[in-house]
Amino acid sequence: MDASNAPAQVRLSGAVMSHPRRAEEARRIAEADPLGRVLVITDPEPDGRPTALRVAPLSWSCVAPDATHHLVLQDDVVFAEGFFEHAERAAAAAPGEAISLYAGWDSRNGAVARLAALVGAPWAYTLQEHVPCQALILPAEAARGYEAFQREHGGGWPYDVVVQRYLNAIGMPVRFCTPSTVQHDDLPSLAGNTYHGFRQATLFTGEAGPVDAEGPCPRFPVVPFYQYGEARCAVLRGTEWEYLETERQLARTGLLDACLAALDAAGPDAAAGLLEGSGRAVWLTAFALGVVTADRPEPDPQIAAAVLESLGTGGLCQEYTVAELLAVVPAVRDFALTALAAGRRAGADPAVRTPRPAPLARVAVTGGDPAFARQLARLLADGGLDAVHPAGRPTAGDLDGVRYVVHLGRPEDGELLAEVLAAAAKAGVERVVYAGSSAVYRGSRERTVTEQLPAAAPADPVALAWWREERAVLAWGAEHGVPVQVLRLADPVGRYAPEDSPLVRWVNLAWTRRPLALNPLGRHQVLDHRDLADALRAVLAAPPAQPVLNVASAAFDEQELAGFLADVSRRTPWEWIQDPTVDRWTMATGLIGAELRWQPSAELRESMRALAQWWACDIHGDYTVPGDYTVHGDHTVHGDHTVPAVPAVPTGSDARA
């Protein structure tokens with residue numbers, strides 16, 4: 001096909017972002033355009049630390065005066081046959097949207113591409129993540145606006161994250177094509193991303209096919225993905241994305257038992273040849289893919305095999321060498337195909353779903369950060385409680401029928417606790433658990449602090465604020481004859497961790513390439529949000545005995561904790577500071593174990609990675625997708641929302657969040 005036959009309304013210009021070390025590769029990429037519209041844009045400071053942020057503004061601002069769209073390429077891509085003709089027709093099909101022509105197998109959006117391929121959708125809208133920028137088309141005016149946005153908001157963040165934030169800010173949806181029409185070349189990363197491992201497209205066929213302008217472009221409301229060796233799901237709840245373990249999502253829809261039974265039926269030999277420890281996560285992911293596509297026609301066998309070949313390599317590419325990954329591709333593919341088929345059968349058969357047991361008690365989660373409170377309510381509901389999170393400041397009506405209130409302390413909101421307790425008294429709540437903070441011990445000179453401290457009002461103003469809230473809720477309980485327990489929580493780790501915590505501060509520094517300032521005397525205790533939910537369930541299942549309990553998942557010195565976070569975000573140097581007055585205490589946590597036999601069980605690397613990804617990708621809003629999508633009629637009512645259990649591909653050409 002001759003590029004001159006492309007629709008007349010699209011006039012494309014382009015650039016390839018490059019570094020002098022890649023001059024030859026960049027030249028070949030630019031010369032691949034038969035119309036010579038692609039410029040090579042070279043890093044203006046080639047001796048500086050390599051970063052795409054220096055060359056990106058130049059690449060996006062060199063839009064030709066008469067161009068309707070601008071294409072920016074990275075210098076480590078390989079084109080499918082017919083790439084430029086396809087790019088022009090793609091721009092004509094969605095003229096007001098950002099169009100990525102690549103989805104990597106190691107990303108959440110690679111999982112979206114896998115779903116799109118399985119249901120035969122030529123397009124899909126991205127999840128909230130970094131934008132795939134290997135080959136990206138923007139409308140000309142949007143391209144021209146990028147430079148000013150980066151200048152004001154770039155701040156050292158990764159280039160593909162800045163692009164995501166820019167497109168969110170201007171409300172521009174991002175779609176990508178399936179299959180990808182560029183492949184990631186296997187070149188060492190100049191920007192320091194080599195530790196991300198072997199990176200390729202989820203699906204690349206080597207030939208850019210025709211563009212279906214009317215083809216469906218879903219934004220899938222449930223996306224199972226395998227990443228960093230973990231099986232997880234993205235679930236769209238209203239306008240908010242929830243990220244959770246695939247086992248929890250399958251349990252919500254009543255299909256976890258069927259999944260595990262099918263895994264047992266497959267037998268141990270089915271996972272032969274897989275990398276050690278990967279079988280269960282691969283099975284869960286592929287089974288969940290079958291569930292969420294169960295109401296669609298059987299996928300093309302060759303396409304299904306191709307996208308499941310990339311499942312294991314994408315999920316484990318940071319942990320293993322290229323040779324190790326490629327050696328297990330056939331075994332992963334065959335194992336995953338078996339799981340996919342089992343998931344499709346289970347998803348289409350309502351009889352195999354396990355009914356959710358009757359909830360143990362109705363619990364309201366109040367206070368704190370609303371997003372964190374919603375997350376906690378969902379975790380409690382997953383554990384068998386009828387947990388709700390009332391929107392806004394709760395009234396007695398909101399607490400009608402509630403037996404227990406879990407209140408997340410928030411001393412900065414001086415009236416909130418009093419309002420919650422007044423509503424609880426009117427509603428006849430039977431028990432209150434106040435989730436406070438280990439900050440109540442600030443200023444202590446003890447090396448190990450127990451629940452008996454502080455013995456009097458602390459001098460530290462932050463500690464004093466928490467101590468006063470504790471006193472207030474305990475006094476209310478004594479006055480009204482309602483049992484009250486106080487949990488003193490270590491620093492939360494995971495999504496929605498407070499911005500003033502060391503964890504968030506350090507993640508922010510790592511993402512923006514600034515050194516961490518560490519104190520060799522510093523100690524930190526952290527609490528995974530899943531461990532918090534488990535601890536609350538243990539507390540509520542037992543008679544209210546101990547009035548105060550310390551709760552933590554683990555303790556670290558500063559270097560150990562900083563290394564953990566750097567491994568899951570961006571590796572960065574640190575420098576030592578000396579502050580002999582730093583708090584050096586650690587909470588004793590033996591009491592909750594002795595009283596309730598509770599022990600932390602969450603994998604902290606997962607929660608630290610969730611914190612890092614949330615802070616990079618999810619704190620800057622979302623875009624609105626036009627149109628509508630169709631959702632299967634089977635819903636699971638869970639916690640504070642209705643969860644679509646089996647999504648379908650939209651009947652129209654667009655999707656809406």
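## A buried salt bridge between two loops

Asp 75 and Arg 22 are joined through their side chains by a salt bridge, with an N to O distance of 2.7 Å. This pair connects distant parts of the chain, 53 residues apart: Asp 75 belongs to the loop between strand E3 (69-74) and strand E4 (77-79), while Arg 22 belongs to the loop between strand E1 (12-18) and helix H1 (23-31). Both Asp 75 and Arg 22 are buried. The model in which these contacts are described is predicted.

## Further salt bridges

The count of salt bridges comes to 39. One of the pairs lies within a helix: Arg 27 and Glu 31 have their closest N and O atoms 2.7 Å apart. Both residues are part of helix H1, where a separation of 4 residues corresponds to about one turn of the helix. Arg 27 has a relative accessibility of 34% and therefore counts as partly exposed. Glu 31, at 53%, counts as exposed because the threshold for that class is over 50%.

A salt bridge also forms between Arg 374 and Glu 240, with 3.2 Å between the closest N and O atoms. Here the pair links distant parts of the chain, as Arg 374 is in helix H13 (residues 370-382) and Glu 240 in strand E12 (residues 240-245), 134 residues apart. Arg 374 is partly exposed, with a relative accessible area of 22%, whereas Glu 240 is buried, with a relative accessible area of 14%. Elsewhere, salt bridges with shared partners join Arg 237, Glu 242, Glu 245, Arg 248, Arg 252, Asp 382, Asp 528, Arg 530 and Glu 606 into one network.

## Aromatic pairs

The structure contains 12 aromatic pairs. One of them, formed by Phe 149 and Tyr 166, is tilted, with 5.3 Å from centre to centre and 50° between the planes. Phe 149 is in helix H5 (residues 140-153) and Tyr 166 is in helix H6 (residues 159-169), so the pair ties together parts that are 17 residues apart in sequence.

Both Phe 149 and Tyr 166 are buried. The two residues also belong to a cluster in which ring pairs link Tyr 146, Phe 149, Tyr 159 and Tyr 166.

## Arginines over tyrosine rings

Two contacts place an arginine over the face of a tyrosine ring. Arg 108 lies over Tyr 243, at 4.0 Å from the ring centre. Arg 609 is positioned over the face of Tyr 228, likewise at 4.0 Å from the ring centre.

Note on methods: Residues are numbered from 1 along each chain as its sequence is written. This is a predicted model: local features need pLDDT of at least 70, side-chain atom pairs count only at pLDDT 80 or more; totals for chains, interfaces and linings use all residues. Side-chain values use heavy atoms; hydrogens and water are left out. A salt bridge is a side-chain nitrogen of Lys or Arg within 4 Å of a carboxyl oxygen of Asp or Glu. Buried means under 20% relative accessible area, exposed over 50%, partly exposed in between (1.4 Å probe, protein chains only). Rings of Phe, Tyr and Trp (its six-membered ring) pair if their centres lie within 6.5 Å; planes under 30 degrees apart count as stacked, over 60 as edge-to-face and the rest as tilted. A charge sits over a ring if NZ of Lys or CZ of Arg is within 6 Å of the ring centre and within 35 degrees of the ring normal.
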